[in-house]
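Visitor: I should like to learn how to read the features of a protein model. May we go through them together, one at a time?

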Amino acid sequence: MAKKNSEREAQNVASANKIVLFFKNETIHFVIGLILVIFSVYLLLAFSSFFFTGAADQSIIDGGSSQELASVNNHVKNYAGSRGAQLASYLINDCFGISSFFILVFLGVTGLKLMRVRMFRLWKWFIGCSLLLVWFSIFFGFVLMDQYKDSFIYFGGMHGYNVSNWLISQVGIPGVWMILLVTAICFLIYLSARTIIWIRKLMSLSFVKRQEKEMEMEAEDEKPQQEFTNPQPQTVDFSVDKTFKQNLLHKEMEIVAPDDEDRFEDKKVVPEALGMTFEKTLVDVLPEAKKGGPVFEIETAVNEDDEAYQGPEREPYNPKLDLENYHFPTFELMRKYDNSNEPTIDMEEQKANKDRIINTLRSFGIEINSIKATVGPTVTLYEITPEQGVRISKIRGLEDDIALSLSALGIRIIAPIPGKGTIGIEVPNSNPKIVSMQSIIGSKKFQESTYDLPIALGKTITNEVFMVDLCKMPHVLVAGATGQGKSVGLNAIITSLLYKKHPAELKFVLVDPKKVEFSIYSVIENHFLAKLPDGGEPIITDVTKVVQTLNSICVEMDGRYDLLKKAHVRNIKEYNEKFINRKLNPEKGHKFMPYIVVIIDEFGDLIMTAGKEVELPIARIAQLARAIGIHMVIATQRPTTNIITGTIKANFPARVAFRVSSMMDSRTILDRPGANQLIGRGDMLFLQGADPIRVQCAFVDTPEVEDITKYIARHQGYPTAFYLPEYVSEDAGSDLGDVDMGRLDPLFEDAARLIVVHQQGSTSLIQRKFSIGYNRAGRIMDQLEKAGIVGPSEGSKARQVMCLDENDLEMRLNNLQ
């Protein structure tokens, strides 16, 4: 019996899941949206016709039976038929009046959103349309209350009539006006906070006008009998006769005390310069001669072309609105380890290690004053304070002896510890703990981080979450032998960014010569990945494509710097802030710039196969791309000098070193030994500045990453990946002799019309509109150039369109034939 019940429950759950999946299907959404749009158009026809045919149809709708209305000869004149007339009469007269049109607006908006024609914030439209529906119903019902007796249309509907009657009985007619005014102002404030600024300006303007009027009335009352006859001062004509100037000078001198010669000398400014000095004197004297006379004002002319673009009076631009239904990954997608929060302290182990360290140092004649242990997830730091007179170099030379006495690998001596008067000895724990990515992402430090590109790498020896800002690094070099945690470290970097950034704010360029490390990220192509506009794979695995992609990023970098120059800003943060506040005009090419993070998994393989072709664009990006939000993370398992050259090291100040096999490799990556003494399994050294920091890298397993990417892929994404600009190599030239105009592509004429209509000569435009590959679109573009329809390639910019309109295009096409 219990088995049958469990089977029934399972069937019920399965059927419920099928129903949920059915309504989550995008095709079903499109069909429902299309029905809503068509229904709103039908209601619009019924409402519009009701204004002209409502009087004739009123007796039929009110007095006719359902059978008469369902008959063919029902004599209803409404263009939407008897059902449309009924709906219009019910919604307009019996409900909300002419404000019922807001119902049509909301239905249309909902349909367009379901069809994904336009992206709206549906809840805002619902609140706005509902408030307007009720407010206008009450407004028309209150203002046109007397009209209800004689007209067949109730402009406020019965709802507006009844509510306004009740409000009048409660607060009176003035009270209703005040309620309508206050609610209208509140709604305008809800739409835009600038409403408050407008109201303040309006109130201050009325106050100023009232004050000016009162001052004019006072001036009229105090107007002297003797009028001052002077040419109209508003013309500011200073070509007056000498007698007037002398009188004015005499008037100026009378103001000064006659016994003060110094002050008298200060006032002798009119004879010396009768320019602006005389003008000021004239303005100062006029009020004494004639109060209430014309006022002299100086206005500074402003060139409108020099003013900054302020944009329309709208709320700040939100780049996340295109994917407003996107949800960040949840913590439940990652595995939680029971022992990952706090390390357990084995007191016996700690005491034994302490005694061995003291005895080993004592056997070499070194006495210590104190010893302190800090237990981390995988390593314990012993801080010792030697007695005076002990040389640090003597302790540093006992590294191997201490490792022998402790029977442990990975002993590292820090002599001295920066900022402290102690010497550190790092000893691996016999029972290391796993630092889970879930404990790092869920930490308060990560959640409240204000970094632009936060990267959570793991935990330090003191068990603190270790985070860095990729924007400040700004590029990272990762090295480590095979199986030491390098790939897990790259996954930790990507995962921490996925948990913190919206798809509108961040794009990845993932290069994976091994073809297997980053393949799990291909499902988030339309959310977070950037690639060439050739329709290829989102994860770049081919060496040739790597070179093209890196050069394309250089083109993107140059284009971004041009936009920063036009915007008069220094970095991407200032630029995006200016764009969000609508101070940059999109019509002049300005756009919101997402951060781009380029991650190369096996850099050594690229250098071995492509050499300088890869190294040069990487060096150029590393040198220049920080300010425009392009950052690089390159990893290699062979940190040798022929792989990590001096050019690469000079431009990658941040280094992450996992365990390497030799001291030489450690010196290559860190410029010092230490990475060869790590214990592996995520144990790493992070260097940015003077001294490296030992960190236990957070562990994120492949199934966890797969769950995270699938979760993101299920949510709303962009139609395509983020396309990088086209790159044309210098050796490609502009020779079009091999283009055969006798064998034009079947899409040639359609592509030509598309280019002319949009006035944009872009290969990616042809590729997207006709759903063809990049190579075919490139051949069509070459044919268009040979035909004189578009100009030659200009790098990252779109080609110039040579045809002004479709008539010009038709003439060129006829000439080809």
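Reading the model step by step

Guide: Let us begin with one pair of residues: Ala657, in β12, is the bridge partner of Ala479. Please keep in mind throughout that this is a predicted model.

Visitor: How do strands of a sheet pair?

Guide: Strands of a sheet pair through backbone hydrogen bonds, and the pairing may be parallel or antiparallel. Here, β7 and strand β12 (residues 654–658) run parallel and are joined by 4 bridges. β7 is also joined by 4 bridges to strand β11 (residues 630–636), and these two likewise run parallel. Within that pairing, Leu477 stands opposite Ile634 in β11.

Visitor: Are the faces of strand β7 covered or uncovered?

Guide: A residue counts as buried when its relative accessible area is under 20%. In strand β7 (residues 476–479), Val476 and Val478 lie on one side, and Leu477 and Ala479 on the other. All four are buried, so both faces of the strand are covered.

Visitor: In what order do the 4 strands of the open sheet stand?

Guide: One names the strands as they stand side by side, which need not follow their numbering. In this open sheet the order is β1-β2-β4-β3, with antiparallel pairing. The edge strands, β1 (368–375) and β3 (412–414), each pair on one side only. From one strand to the next, the twist averages 20 degrees.

Visitor: How many bridges hold each pair in this open sheet?

Guide: Take the pairs in turn. β1 and strand β2 (residues 379–386) pair over 7 bridges in the antiparallel sense, and Ser370 stands opposite Thr385 in β2. β2 and β4 are antiparallel too, with 6 bridges; one of the matched pairs is Glu383 with its bridge partner Gly424 in β4. Lastly, β3 and β4 run antiparallel and are joined by 3 bridges, where Arg412 has Glu426 in β4 as its bridge partner.

Visitor: How many residues of β4 are buried?

Guide: One counts the residues of the strand that meet the cut-off given above. For β4 the count is 6 of its 6 residues, and the strand is described as mostly covered. Ile423, Ile425 and Val427 point one way, while Gly424, Glu426 and Pro428 point the other way, and all are buried.

Visitor: Which helix lies across β1, β2 and β4?

Guide: To describe how a helix packs on a sheet, one names the strands that it crosses and gives an angle to one of them. Helix α12 (residues 347–363) lies across β1, β2 and β4 (423–428), and it runs at about 145 degrees to β1.

Visitor: Which residues does Lys372 touch?

Guide: Contacts with close sequence neighbours are set aside, and one looks at the rest. Lys372 is found in strand β1. Leaving out residues up to four places away in sequence, Lys372 touches Leu381, Tyr382 and Glu383. A distance in space may also be set beside a separation along the chain: Lys372 and Gly424 are 52 residues apart along the chain, and their C-alpha atoms are separated by 9.4 Å.

Visitor: Is Thr495 buried or exposed?

Guide: Thr495, which is found in helix α17 (residues 486–498), has a relative accessible area of 1% and is therefore buried. Apart from neighbours within four places in sequence, Thr495 is in contact with Met334, Met437, Tyr521, Val700, Val705 and Ile708.

Visitor: Which residues form the nonpolar patch on the surface?

Guide: Such a patch gathers nonpolar side chains with over 30% relative accessible area. Here its members are Trp123, Phe126, Ile127, Leu131, Leu188, Tyr190 and Leu191, which together have about 680 Å² of accessible area. Helices α6 (122–143) and α7 (157–191) each supply at least two of the residues, and α6 gives the most, with 4. Ile127 belongs to helix α6; at 33% relative accessibility, Ile127 counts as partly exposed.

Visitor: What do the totals for the protein show?

Guide: The protein has 29 helices and 15 strands. Of its 817 residues, 43% count as buried. Among contacts with a separation of 6 or more, 67% are between residues 24 or more positions apart. The accessible surface comes to about 45,100 Å², and 55% of it belongs to carbon and sulfur atoms.

Note on methods:
Residues are numbered from 1 along each chain as its sequence is written. This is a predicted model: local features need pLDDT of at least 70, side-chain atom pairs count only at pLDDT 80 or more; totals for chains, interfaces and linings use all residues. Side-chain values use heavy atoms; hydrogens and water are left out. Patches are made of residues with over 30% relative accessible area and no salt bridge: like charges are joined within 9 Å, nonpolar side chains (Val, Leu, Ile, Met, Phe, Trp, Tyr) within 5 Å. Accessible areas come from the Shrake-Rupley method with a 1.4 Å probe; for residues, only the protein chains shown count as cover. A salt bridge is a side-chain nitrogen of Lys or Arg within 4 Å of a carboxyl oxygen of Asp or Glu. Buried means under 20% relative accessible area, exposed over 50%, partly exposed in between (1.4 Å probe, protein chains only). Two strands pair if DSSP finds at least two bridges between them. Axes are lines fitted to C-alpha atoms, for helices over the stretch in contact, and angles run from 0 to 180 degrees between N-to-C directions. Contact means heavy atoms within 4.5 Å.
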